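Visitor: I have a structure open on my screen and should like to go through it with you. Might we begin with the open spaces and then move on to whatever else is worth a look?

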Amino acid sequence: MSHPELVIRKAVWKGEEVDLLVADGKILDVIPSSDAMYEGAEVVAARGLLLMPSFTDVHTHLREPGFEYKEDIASGLKAAVHGGFSNIMCMANTDPVNDNAVVTDEMLRRAKTAFPEGGPRLFPIGALTKGLAGEELSPMHEMAEAGCAAFSNDGLPIKNSELFRRAMEYGSDTGKPIIDHCEDPYLAPAVGVNEGEVSSVLGLGAQPDVAEAAQVARDLLMAEYLDMHIHLAHISCRKSVDLIAWAKKRRVKVTAETCPHYLLLTEEALHGYNSDTKVNPPLRTADDVEALLAGIKDGTIDMFATDHAPHAAHEKEVEFMNAPCGISGLDSALSLTWSLVADGKITFETFVRMWTTAPCETFDLPLNSFKKGDPADFFLFDPSDEWVLNSKNMHSKGKNTPFRGQTLKGRVISHFLSGKKIV
Amino acid sequence: MEWRHKDLLDVTQLSKEEVQHVFETATYFQEINSRPVKKVPTLKGHSVVLFFAEPSTRTKTSFDMAGKRLSCDTFSLAKSSSSLTKGETLKDTALTLQAMNPDGIVLRHWASGAAQFLAERLDCSIINAGDGRHAHPTQALLDGFTLYQEWGSLEGKTVLILGDIAHSRVARSNLTLLNKMGAKVRFCGPRTLLPPYIKNWDAEVYTDINEACKGVDAVMCLRLQLERQQDGLLPDLREYSNYFGLGHKQIELANPDVKIMHPGPMNRGVEINSELADCEASLVLDQVASGVATRMALLYLYLTRKK
């Protein structure tokens with residue numbers, strides 16, 4: 001056995017107290033805890049802390065280039081590591097749009113500059129169409145070569161089904177997954193609010209869940225017809241869960257994500273017109289929350305994602321209808337989803353799978369499963385640490401979250417990437 | 001009654017007793033409006049900004065007149081003449097106004113929730129003069145006051161609200177107020193102009209105007225925004241008028257003493273037959289007169305509340 005450089009002692013992994021041994025930035029071994037001496041190794045006492053593989057977020061908006069006042073790559077990645085994430089996939093709606101290799105290269109360069117000694121890995125998502133305009137395909141091969149991990153038009157889904165088909169076909173040749181933000185734009189003239197009782201009383205323009213489900217159905221049929229994989233972003237409603245379950249029974253190659261806010265909030269949060277509750281797709285009903293949780297349990301929903309969408313305070317502090325959609329999520333996602341474990345709504349195994357194995361396998365990203373040779377990306381987590389989410393303890397520039405002021409349970413105590421302590 | 005509210009955002013905030021108190025106060029001020037000299041010093045030394053970020057004739061004039069009759073200084077600000085047109089945010093415009101230390105701001109705004117947005121940020125009273133599709137509490141109070149003056153009580157009466165319910169803040173606020181005061185509410189309009197989930201509202205819903213009019217004590221017509229045709233919600237105004245406009249035939253189905261109301265401005269010949277708008281049963285101009293008295297009552301209650 002090589003000599004360990006780092007030993008994490010008496011951490012809890014899968015219910016057992018273990019020692020984690022790291023050498024050359026990789027996992028050397030995980031062994032039952034002992035008092036063995038490791039000469040020359042840094043030893044970190046971790047009794048009572050949970051050992052977790054670093055998380056992967058397949059859906060963030062880092063805003064750079066173009067909107068650095070909301071977030072830049074450095075601040076976004078800083079929030080990520082404090083939130084427990086080592087792999088970050090960022091969407092293409094920057095300015096300029098990430099629809100060519102030059103922008104992709106620049107994003108990767110800035111990530112490297114932010115953490116020159118090694119930090120969280122950035123995997124840009126390239127635009128499916130040039131300028132996200134939904135008219136011409138982007139040069140996906142050159143972007144894949146430059147480092148894009150997937151392709152998506154995200155917030156500006158392609159209206160033209162024929163062009164979407166061609167985007168799937170062309171994109172599949174690169175070997176990178178296609179991600180779709182499911183929303184029929186004709187059925188969704190207004191964004192950020194669910195069409196339902198609350199929108200009706202508040203007098204807000206809204207979109208029905210059918211706007212999401214109709215496009216989920218289109219994508220599933222397309223994926224089946226083309227026999228290609230499709231990844232469906234931020235699923236928010238029962239109708240979509242039902243359709244995905246139907247497709248999975250038919251062995252359609254589909255994976256799907258949902259976000260913490262769709263599991264912990266409903267449209268009722270919009271009372272009072274708090275623009276931090278405005279998110280696209282919108283917060284839905286208690287029935288939708290129930291369906292999403294059931295979908296997580298039975299494997300219909302494969303993974304979590306934050307849909308981290310930071311905005312500046314002055315952009316959100318306007319009339320609700322004028323406010324941009326989005327919740328800043330990287331700082332709080334872990335604690336929020338941990339509450340689902342603490343409340344017995346999902347198991348610990350599901351929690352870990354949804355943030356690690358499932359996204360890494362779907363998007364072919366580095367995964368630490370604590371096997372010898374895996375990247376030593378892990379964090380120590382105190383499940384009993386209570387803290388209040390506020391503007392000061394958020395590392396993202398975006399403080400726009402409806403959970404601000406809430407007491408959260410569970411926090412990252414330290415985070416190691418390739419065996420180096422980052423937090 | 002000691003007035004405990006800082007702001008008037010929606011009639012949901014008011015208890016039945018408080019609405020009744022507004023009616024009684026408005027009755028008192030109505031009398032002032034019939035005097036040869038229609039001015040009293042009640043609010044002398046107070047100031048109110050009439051901030052109208054959306055076009056308005058009657059609501060703005062009504063508040064202006066109400067304020068002036070109580071010797072309150074009123075200052076008008078329209079979106080077109082404010083820094084909102086230069087890109088200033090609503091928050092900054094409002095903070096600027098507050099720095100001038102008015103006692104109240106009467107706000108008309110196209111965005112639902114705008115009045116609440118200001119109320120949460122400013123110390124002075126905010127009176128919602130219509131926010132998006134959400135609420136128009138002073139219109140509901142003046143409509144209720146108009147009927148209260150006619151009937152003495154709204155208890156047990158049935159009021160039909162007819163037309164574009166989906167986009168109407170008047171319909172939403174009137175539903176709440178009329179229910180609160182013991183009246184039953186019916187809504188009628190084409191399905192495209194009824195809000196989703198209306199089945200959960202405390203109202204009977206019709207798409208057949210003749211069925212809806214049977215036995216009602218009052219019909220409130222709502223203005224049809226003519227662009228609804230371009231929005232794809234209506235085929236054309238002719239068909240709308242024929243199937244959903246209030247005409248003589250429908251009035252004959254209502255109670256003999258039916259009252260006809262309209263918050264204005266009216267599209268004569270579209271949502272209401274022109275003769276009906278002017279007939280004896282029409283309370284359209286009474287609503288305007290009641291509006292001044294009701295707004296005098298509201299300015300008085302909100303500006304003189306114990307702080």
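Visitor: Which helices of chain B each supply at least two residues of the lining of the largest pocket?
Guide: They are α2 (58-69) and α6 (169-180) of chain B. Please bear in mind that this is a predicted model.

Visitor: How much space lies in that largest pocket?
Guide: The largest pocket holds about 820 Å³.

Visitor: And which residues lie nearest its centre?
Guide: The lining comprises 33 residues, and those nearest the centre are E54(B), H167(B), R169(B), R223(B) and Q225(B). Sorted by class, the lining has 12 nonpolar, 12 polar and nine charged residues.

Visitor: How many cavities of 30 Å³ or more are there?
Guide: The search of the whole structure finds two. The largest cavity has a volume of about 50 Å³, and the second largest has about 40 Å³.

Visitor: What lines the largest cavity?
Guide: Its lining includes P260(A), H261(A), T306(A), I327(A) and F403(A). Two elements of chain A, α8 and α11 (333-342), each give two or more residues to that lining. By class there are five nonpolar and six polar residues, with no charged ones.

Visitor: And the second largest cavity, what is around that?
Guide: Among the residues lining the second largest cavity are S54(A), N87(A), R121(A), C360(A) and D377(A). That lining divides into three nonpolar, five polar and two charged residues.

Visitor: Let us turn to the interface. How many residues are in contact between chain B and chain A?
Guide: On the chain B side there are 21, and they touch 17 residues of chain A. The two chains bury about 1600 Å² between them, with 57% of that on carbon and sulfur atoms. On the side of chain B, the residues that lose the most area to chain A are W110(B), S112(B) and Y197(B), together 26% of what that side buries.

Visitor: How many salt bridges are there between chain B and chain A?
Guide: There are two. In a salt bridge between R121(B) and E317(A), the side chains meet at 2.7 Å, N to O. Polar contacts between the chains amount to 10 residue pairs, counting pairs with both residues at pLDDT 80 or more.

Visitor: Which helices of chain B supply at least two residues of the side that touches chain A?
Guide: Both α3 (90-99) and α4 (114-119) of chain B do so. The largest share, three residues, comes from α4(B). By class, this side of chain B has nine nonpolar, seven polar and five charged residues.

Visitor: How many salt bridges are there over all chains?
Guide: The count comes to 41. One of them pairs E68(A) with R110(A), whose closest N and O atoms are 3.8 Å apart. This pair links distant parts of the chain, 42 residues apart: E68(A) is in the loop between β6 (55-60) and α1 (73-83), while R110(A) is in helix α2 (residues 101-114) of chain A.

Visitor: One last topic, the backbone. Where are cis peptide bonds found?
Guide: One joins N280(A) and P281(A), with omega about 0 degrees; P281(A) sits in the loop between α8 (260-264) and α9 (286-297) of chain A. Another joins G264(B) and P265(B), with omega about -10 degrees. P265(B) is in the loop between β9 (259-261) and α10 (274-278) of chain B.

Visitor: What is phi of K10(A)?
Guide: Phi of K10(A) is near 65 degrees, a positive value in a residue other than glycine. K10(A) belongs to strand β1 (residues 6-13) of chain A.

Terms used. Residues numbered from 1 in each chain as written. Chains lettered and ligands numbered in written order. Predicted model: local features only at pLDDT ≥ 70, side-chain atom pairs only at ≥ 80, totals over all residues. Heavy atoms only, no water. 1 Å grid on protein atoms, 1.4 Å probe; cavity = no way out; pocket = protein on both sides within 12 Å on 5 of 7 lines; lining within 4 Å. Points joined across faces, edges and corners; volume = space filled by probe spheres on them. Helix = DSSP H or I, 4+ residues; strand = E, 2+ residues; numbered from the N terminus. Nonpolar A, V, L, I, M, F, W, Y, C, P; charged D, E, K, R; others polar. Contact = heavy atoms within 4.5 Å. Buried area = accessible area lost by both parts, 1.4 Å probe. Salt bridge = Lys/Arg side-chain N within 4 Å of Asp/Glu carboxyl O. Polar contact = N/O pair within 3.5 Å; in protein donor to acceptor, adjacent residues only side chain to side chain.
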